[in-house]
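The following exercises ask you to read a protein model step by step. Each task is followed by a worked solution. Please consult the sequence and the structure while you work.

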Amino acid sequence: MRTLSLDVARRTALAAQGFADPRPKVAPTRRHLKRVLSRLRLLQLDSVNVVVRAHYAPLFARLGAYDRGLVDTAAWAHSARRPRLLVECWAHEASLVPVEDWPLLHSGAKPRGWWRHYGELAEASPALVDDVLAVVKERGPVGAGTIERELVGASARSPGSWWERSEVKKICEWLFGIGELTTGARRGFERLYDLTERVLPAEVLSRRVDADTAARQLVDRAARAHGVATEADLRDYYRLSAHVTRRAVAELVADGTLEPVRVETWRAPAYRHVAARAPRRVETRALLCPFDPLIWERNRTERLFGFRYRIEIYVPEAERVHGYYVFPFLLDGELVARVDLKADRVNRRLRVPGAFAEPGVDRARVATELANELEHMASWLGLDGVEVGERGDFVADLRRVL
């Protein structure tokens, strides 16, 4: 079994995530979007909008300033000339995934999520399921609030049904989870449900993949996105179960797709994808949002970069170490700093309440590169500049450069 140095493993992981590719010298196009998606395979969705929605940020990290309308068109505002590339479903969490991956995620390979508990309500209230589907069929794409008003109002007029708002919302989530509904469009960040058969091409919906085959393909995709990874890393990418992932890994090792390797300092065995490469150098800089697939598995982030990272949104303000919404800063293959960020849209400033450097870095160079990337992000977000706050050991360095 080969042993990889930690440096080689890190460069392999960064290349797999697209950070070895130079950013486009021209305005990024749909072709550039497809290239990134072919590596990542999913973009996590999240409601937090402190800086920018989570599904936009990983593309900025890899492409630089791009038109966010590229994502919107690919996911929600498609046309005959530009067909839908992405669809919403449960993958890592609620995510945008390539349309062609839909059958894999609804094959039975992936366990049902938190919404599975609503199945009891669906079994007990089949008429409610039918009513929700009927409203979506008639009015979709339609928001959960409109569905609630339609059905709760009908209940008030027609005693005997008496659907409650919470029940309607649960059934919407359950139907979305099992794939009967998906997101036809978005209004702001509100999900507008539609029948999946009206959103996805017939050839995608009709494709049947057995659970074992789907598991192998999902683990293969996860391995390509990681470059080198432990079984737990591969399992986490699509939130598969342990026994399903282990069986798929064994089969992929047997057919030569995965190579078992040791990575220095890692306790668990690792697997390198046969298509992975380790460039001699990775020259890049990027601000990574908390939901970027390079760092969302915090234990892997610590193993790869020696960088302990935790999201502190739900930590009381007085107990936060680094801040509310912190972006690690990637520079030439290392995580060298972190910044707490907030887009102040009223005053048109990108605010940096806190900034922290990692031990032993070249502080002058890191400050210069970070300042340039923050100004690049501010411009991309339509903000007029960057303002640095008072928290952290790196704010003075950053303020001097800015």
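**Exercise 1. Determine whether arginine 10 and its partner aspartate 7 are buried, partly exposed or exposed.**

Step 1. Recall the classes: buried means under 20% relative accessible area, exposed means over 50%, and partly exposed lies in between (1.4 Å probe, protein chains only).

Step 2. Arginine 10 has 9% relative accessibility and therefore counts as buried. Aspartate 7, at 37%, counts as partly exposed.

Step 3. Note the origin of the values: the model is predicted, local features need pLDDT of at least 70, side-chain atom pairs count only at pLDDT 80 or more, and totals for chains, interfaces and linings use all residues. Residues are numbered from 1 along each chain as its sequence is written, and side-chain values use heavy atoms, with hydrogens and water left out.

**Exercise 2. Describe how aspartate 7 and arginine 10 are joined, and place them in their helix.**

Step 1. Side chains of opposite charge can pair when their charged atoms come close. A salt bridge requires a side-chain nitrogen of Lys or Arg within 4 Å of a carboxyl oxygen of Asp or Glu.

Step 2. The closest N and O atoms of aspartate 7 and arginine 10 are 3.7 Å apart, and the two residues form a salt bridge.

Step 3. Helices (H or I, at least four residues) and strands (E, at least two) are DSSP runs, numbered from the N terminus. Both residues belong to helix 1 (residues 6–16); because they are 3 residues apart, about one helical turn separates them.

**Exercise 3. Compare two further salt bridges: glutamate 283 with arginine 281, and arginine 349 with glutamate 387.**

Step 1. For glutamate 283 and arginine 281, the closest N and O atoms are 3.1 Å apart. Glutamate 283 is exposed at 55%, and arginine 281 is exposed at 59%.

Step 2. The side chains of arginine 349 and glutamate 387 meet at 3.3 Å, N to O. This pair links distant parts of the chain, since arginine 349 is in strand 14 and glutamate 387 in strand 15, 38 residues apart. Arginine 349 is partly exposed at 23%, and glutamate 387 is partly exposed at 33%.

Step 3. Shared partners join Asp7, Arg10, Arg11 and Glu334 into one network of salt bridges. By the rule of Exercise 2, the count comes to 41 salt bridges.

**Exercise 4. Which residues of helix 2 are buried, and what covers them?**

Step 1. Helix 2 spans residues 30–40, and its buried residues are Arg30, His32, Leu33, Val36, Leu37 and Leu40.

Step 2. These residues lie on the same side of helix 2, because they cover an arc of only 155 degrees around the axis. The arc is taken from the directions from the helix axis to the C-beta atoms.

Step 3. Contact means heavy atoms within 4.5 Å. The cover includes strand 2 (43–44), helix 3 (57–63), helix 4 (69–75), strand 3 (86–90), helix 12 (211–226) and helix 13 (231–237).

Step 4. Arginine 62 lies in helix 3 and is buried, at 4% relative accessibility. Among the residues that arginine 62 touches are Val36 and Leu40, together with Asp292, Pro293 and Leu294.

Step 5. Just after helix 2, arginine 41 takes a positive phi of about 70 degrees.

**Exercise 5. Trace the pairing of strands 13, 14 and 15.**

Step 1. Two strands pair if DSSP finds at least two bridges between them. Strand 13 (residues 334–344) and strand 14 (residues 349–357) are antiparallel, with 7 bridges. Arginine 338 stands opposite phenylalanine 356 in strand 14.

Step 2. The hairpin of strand 13 and strand 14 has 4 residues between the strands, and arginine 348 there takes a positive phi near 60 degrees.

Step 3. Strand 14 and strand 15 (residues 385–391) run parallel and are joined by 5 bridges. Leucine 350 stands opposite valine 386 in strand 15.

Step 4. From strand 14 the chain passes through helix 16 (residues 363–380) to strand 15 in a right-handed β-α-β crossover. Right-handed means that, with the strands pointing away from the viewer, the path from the first strand over the helix to the second runs clockwise.

Notes. Lists of a residue's contacts leave out its neighbours within four places in sequence.
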